[in-house]
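I opened this notebook to record what I looked up in one structure. The entries follow the order of my queries.

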Amino acid sequence: MPDDRWENALSRVLELTLLLGRDATENLTRMGLTEARAHLLWELRTLAPCTQRELATVLRVTPRAVTALVDGLAETGFVTREPCPTDRRATLVTLTEQGHATTQVMVDGFRNLARQLFTDMPADVFDGFDDGLIHVISRLRTLLARNQQEASTTQAGH
């Protein structure tokens with residue numbers, strides 16, 4: 001029965017999500033980071049220096065939320081704030097040496113986990129797994145976009 005197989009596969013995807021989340025949370029806690037702060041650092045490693053407004057857009061959060069995240073990261077030595085030379089109303093966020101070192105640990109950990117998970121998987125199995133993930137992620141993005149559009153339409157009608 002296909003539905004049972006599909007539900008079992010989704011159950012495994014959910015278990016994988018939970019296990020990856022648990023691993024990430026434990027590693028981030030050891031580094032003194034929350035998931036939200038780590039996400040900001042992860043994005044900042046390729047964007048820095050950038051404005052808080054840019055960070056809010058990339059992270060899909062409010063400017064107020066970014067301010068709180070940057071406050072916490074600045075207080076703990078991961079980032080600095082500097083005036084933007086081209087816009088006196090904007091503030092640039094930049095990684096400190098500690099921030100660079102921490103993001104490098106994150107990148108190295110990511111690469112190491114990928115090696116540990118996939119190194120002994122036969123190439124054809126890996127390729128099928130990867131293709132399957134690409135398909136599922138694409139479908140989920142489509143469903144989420146449709147749901148968001150329907151919610152926006154419903155809200156506009158009320």
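The entries below cover confidence, salt bridges, the nonpolar core, helix packing and a few single residues.

**Entry 1. Confidence**

I noted at the outset that this is a predicted model. I then looked up the pLDDT of the protein chain and found an average of 93. I also recorded that 99% of the residues score at least 70. By element, helix H5 (residues 97-118) has the highest mean pLDDT, at 96. The lowest mean, 91, belongs to helix H6 (residues 123-157).

**Entry 2. Salt bridges**

How many salt bridges does a search of the whole structure find? I obtained 2.

One of these pairs arginine 81 with aspartate 71, and I recorded 2.6 Å between the closest N and O atoms. Arginine 81 sits in strand E2 (residues 79-83) and aspartate 71 in helix H4 (residues 63-75), so I noted a link between distant parts of the chain, 10 residues apart. I checked the accessibility of both partners. Arginine 81 has a relative accessibility of 34%, and aspartate 71 has 31%. Both values lie between the 20% and 50% limits, and therefore I entered arginine 81 as partly exposed and aspartate 71 likewise as partly exposed.

The other salt bridge joins aspartate 87 to arginine 89, with 3.4 Å between the closest N and O atoms. Here I found aspartate 87 partly exposed, at a relative accessible area of 26%. Arginine 89 is exposed, because its relative accessible area of 74% is over 50%.

**Entry 3. Nonpolar core**

I looked up the largest nonpolar core and counted 19 residues in it. Leu33, Leu40, Leu44, Leu55 and Val79 have the most contacts inside this core. The elements that contribute two or more residues to it are helix H2 (35-47), helix H3 (52-59), H4 and strand E3 (91-95).

I followed leucine 44 further, leaving aside its neighbours within four places in sequence. Its contacts are Cys50, Leu55, Val79, Val93, Thr94 and Leu95.

**Entry 4. Packing of H2 and H4**

At what angle do H2 and H4 pack? I recorded about 85 degrees, with the axes 10 Å apart. H2 is therefore roughly perpendicular to H4, since the angle falls in the range of 65 to 115 degrees. On the H2 side I listed Ala36, Arg37, Leu40 and Leu41, which meet Leu69, Val70, Gly72 and Leu73 in H4.

**Entry 5. Two threonines**

Is threonine 94 buried or exposed? I found threonine 94 in strand E3. It counts as buried, because its relative accessibility of 17% is under 20%. Residues up to four places away in sequence not counted, threonine 94 touches Leu44, Pro49, Phe78, Val79, Thr80 and Glu82.

I next looked up threonine 103, which is placed in helix H5. Threonine 103 is buried as well, with a relative accessible area of 5%. With the same sequence neighbours set aside, up to four places away, threonine 103 touches Leu41, Arg45 and Leu95.

**Entry 6. Leucine 18**

My last query concerned leucine 18, which lies in helix H1 (residues 2-30). Leucine 18 is exposed, because its relative accessible area of 60% is over 50%. I also looked up its separation from valine 125, which lies 107 residues away along the chain. The C-alpha atoms of leucine 18 and valine 125 are 23 Å apart.

Notes:
Residues are numbered from 1 along each chain as its sequence is written. This is a predicted model: local features need pLDDT of at least 70, side-chain atom pairs count only at pLDDT 80 or more; totals for chains, interfaces and linings use all residues. Side-chain values use heavy atoms; hydrogens and water are left out. A salt bridge is a side-chain nitrogen of Lys or Arg within 4 Å of a carboxyl oxygen of Asp or Glu. Helices (H or I, at least four residues) and strands (E, at least two) are DSSP runs, numbered from the N terminus. Buried means under 20% relative accessible area, exposed over 50%, partly exposed in between (1.4 Å probe, protein chains only). A nonpolar core is a set of buried Ala, Val, Leu, Ile, Met, Phe, Trp, Tyr and Cys residues joined through side-chain atoms within 4.5 Å. Contact means heavy atoms within 4.5 Å. pLDDT is the predictor's confidence in each residue, from 0 to 100. Axes are lines fitted to C-alpha atoms, for helices over the stretch in contact, and angles run from 0 to 180 degrees between N-to-C directions. Angles under 35 degrees count as roughly parallel, over 145 as roughly antiparallel, 65 to 115 as roughly perpendicular and the rest as oblique.
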